[in-house]
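User: Could you walk me through the model below and tell me what lies behind the terms you use for it?

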Amino acid sequence: MTQKLYIETVGCQMNVLDSELVVGSLRRQGYELTHEATDADVIFFNTCSVRQHAEDKIYSALGRLRGHKRRYPEKVIGVLGCMAQKDQDLVLRRAPHVDIVCGTGQLAQLPQLIEEVRRTRKPQLALSLDRKEASRVEVERSFESYDPMRDPSMRPTPFQAYVRIMIGCDKFCTYCIVPSVRGPEQSRPPEHIAAEVRQLAAEGCKEVTLLGQTVNSYEYARGDGRRERLSDLLTRIHDIGGIERIKFITNFPRDMGDDLLDAVRELPKVCSYLHVPAQSGCNDVLKRMKRLYTVEYYRDMLHRCRERVPGVAISSDFIVGFCGEKEASFQKSCDLVNEANFKNSFIFKYSPRPGTKADELFADDVPEETKKRRNNDLLALQNAVSLADHRRRVGETVQVLVEGLSKNALKHDSGSGPKQLTGRAMTDHIVVFDGNERLIGRTVAVKVEEATSFTLFGTVQTTEQVGADEKTEIDCLVPVQAESSRWSLPLV
């Protein structure tokens, strides 16, 4: 009898990729994916610890399964990922019906852990070493790079895929739990990455997004003293047949080298888009965050990006209400957003995380209501900046990789005929337009005719499909209502 697997994922793109790899591994063990937890024989939650809300969501889901597990004790429930690595004992205390607690570096053990639960009926833990428990080499070995065969059904779309190029982080920002739960920074061999991209291209993938907690810190040391950086890796995979677009996230400001910017400018398949979190516009706050740069450095980095890559779109992250953030400090963040012309920013209220230096050293002294106000104020300012950026693009014709039906189209089935489609330009701007569903997965030219703070929208131009062997005629269509869509990114 076929076993059924359910997996729910919260958090960043790295977690999305981890879930794809877990599903791929268990499919080869004969499992079939189901979208209802109560239908599954094995129920996994792939977790995030960056913010308290993500953890609360998982504990609520586990609570709802308590009675189900009591009725069906043979079912296996597992907590995977960052929350498992950080709070293994707490997970079992709060949810004693959990059978497996498996950290980010031990996901390859899941098939064996499932079998051990069924054999012994006892909880199974698989965790990497704490960074304080052993030498760096020993800790690195305990965080395995989990990169088995891929599973296309779990990707954002059949023609887009994430590719992990490194694991871990060595920046130790005081607010961030990632260095503890994902271990030391380790870069994968470039040959392995290129082989994976070739495999994805053979499966019909057209866009790859290279992932790392600080992706531009990628550096692979050769035995002869040579070191390959992200710019070298982009050059290595650029000419792989079938791949039309290459993105990479998330960047650390201090590691934004001119060699990387030159690669973005000179390699046509590399998207003109950089996500570079600032986190604050105040030097005092940045120092308490241990961000390793000043606002002046960040501004200079932005200038270099735009000077070396004309037309590049840049997005950012900000944390409001961090320990000791005064109104004057917050105003400096507003000033940075107002002048930096970010495409968009992901804005978060500070959430204390046990195990981080900020939680040990600083009082969480900004009231929740103040955090909410600052969050809303900074978001409103960024929306105004985004709207101005988008309006400047009205009249342009952009190349859009069509990702699928828009959220609006999914909610309101219009029957036959043109549908509202959505995709992204080479600058990562969301573009919405009307078109036939056969355009999904293709790159088409769209003339931008209107804009909101979140979306460009316009009409498909009669043109040839980018990357195709023959021309495809596309009817011109009227502009449509924009939609709002944002991805969650890791706080680095």
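User: Happy to start with a single residue: which residue in S18 does Leu401 stand opposite?

Analyst: Leu401 stands opposite Arg424 in S18. Before we go on, this is a predicted model, in which local features need pLDDT of at least 70 and side-chain atom pairs count only at pLDDT 80 or more, while totals for chains, interfaces and linings use all residues. Residues are numbered from 1 along each chain as its sequence is written, and side-chain values use heavy atoms, with hydrogens and water left out.

User: What makes strand S17 and strand S18 a pair?

Analyst: Two strands pair if DSSP finds at least two bridges between them. Strand S17 (residues 397-405) and strand S18 (residues 419-424) have four bridges and run in the antiparallel sense, so the condition for pairing is met. The names come from DSSP runs numbered from the N terminus, with at least two residues (E) for a strand and at least four (H or I) for a helix.

User: How do you know that S17 also pairs with strand S20?

Analyst: By the bridges again: S17 and S20 (residues 443-451) are joined by five of them, in the antiparallel sense. Val398 has Val446 in S20 as its bridge partner.

User: Which strand is joined to S20 by five bridges and runs antiparallel?

Analyst: That is strand S21 (residues 456-460). Glu450 stands opposite Phe457 in S21, and the two strands S20 and S21 form a hairpin with four residues between them.

User: In what order do the five strands close into a barrel?

Analyst: The order is S17-S18-S19-S21-S20, with mixed pairing. From one strand to the next, the twist averages 50°.

User: Let's turn to the open sheet. What makes S7 and S13 its edge strands?

Analyst: The open sheet has three strands in the order S7-S10-S13, paired in parallel. Strand S7 (160-164) and S13 each pair on one side only, and they are the edge strands. Neighbouring strands are turned by 25° against each other on average, direction ignored.

User: How many bridges link strand S10 and S13?

Analyst: Five bridges, in the parallel sense, link S10 (residues 207-211) and S13. Glu207 stands opposite Arg245 in S13. Helix H9 (residues 190-202) packs on this sheet and touches S7 and S10, its direction making about 165° with that of S7. Helix H10 (residues 230-238) also packs on the sheet, touching S10 and S13, and its direction makes about 155° with that of S13.

User: Now the helix pairs. Why are H14 and H16 called roughly parallel?

Analyst: The axes of helix H14 (residues 327-340) and helix H16 (residues 368-392) cross at roughly 15° and come within 9 Å. Angles under 35 degrees count as roughly parallel, over 145 as roughly antiparallel, 65 to 115 as roughly perpendicular and the rest as oblique; H14 and H16 are therefore roughly parallel to each other. Such axes are lines fitted to C-alpha atoms, for helices over the stretch in contact, and angles run from 0 to 180 degrees between N-to-C directions.

User: Which residues of H14 and H16 make the contact?

Analyst: Contact means heavy atoms within 4.5 Å. Among the residues that make it are Phe330 and Val337 of H14, and Asp377, Leu378 and Leu381 of H16. By class, the contact of H14 with H16 has six nonpolar, four polar and four charged residues. Here Ala, Val, Leu, Ile, Met, Phe, Trp, Tyr, Cys and Pro count as nonpolar, Asp, Glu, Lys and Arg as charged, and the others, Gly among them, as polar.

User: Why is H13 described as roughly parallel to H14?

Analyst: The axes of H13 and H14 cross at roughly 10° and come within 12 Å, which makes H13 roughly parallel to H14. In this contact, Tyr298, Arg299, Leu302 and Arg306 in H13 meet Leu336, Glu339 and Ala340 in H14. These residues divide into four nonpolar, no polar and three charged.

User: Last one: what makes the aromatic pair of Phe252 and Tyr293 edge-to-face?

Analyst: A search of the whole structure finds eight aromatic pairs. For Phe252 and Tyr293, the values are 6.0 Å centre to centre and 70° between the planes. Rings of Phe, Tyr and Trp (its six-membered ring) pair if their centres lie within 6.5 Å, and planes under 30 degrees apart count as stacked, over 60 as edge-to-face and the rest as tilted, so Phe252 and Tyr293 qualify as an edge-to-face pair. The pair links distant parts of the chain, 41 residues apart: Phe252 is in the loop between strand S13 (245-249) and helix H11 (258-266), and Tyr293 is in the loop between helix H12 (283-289) and helix H13 (295-308).
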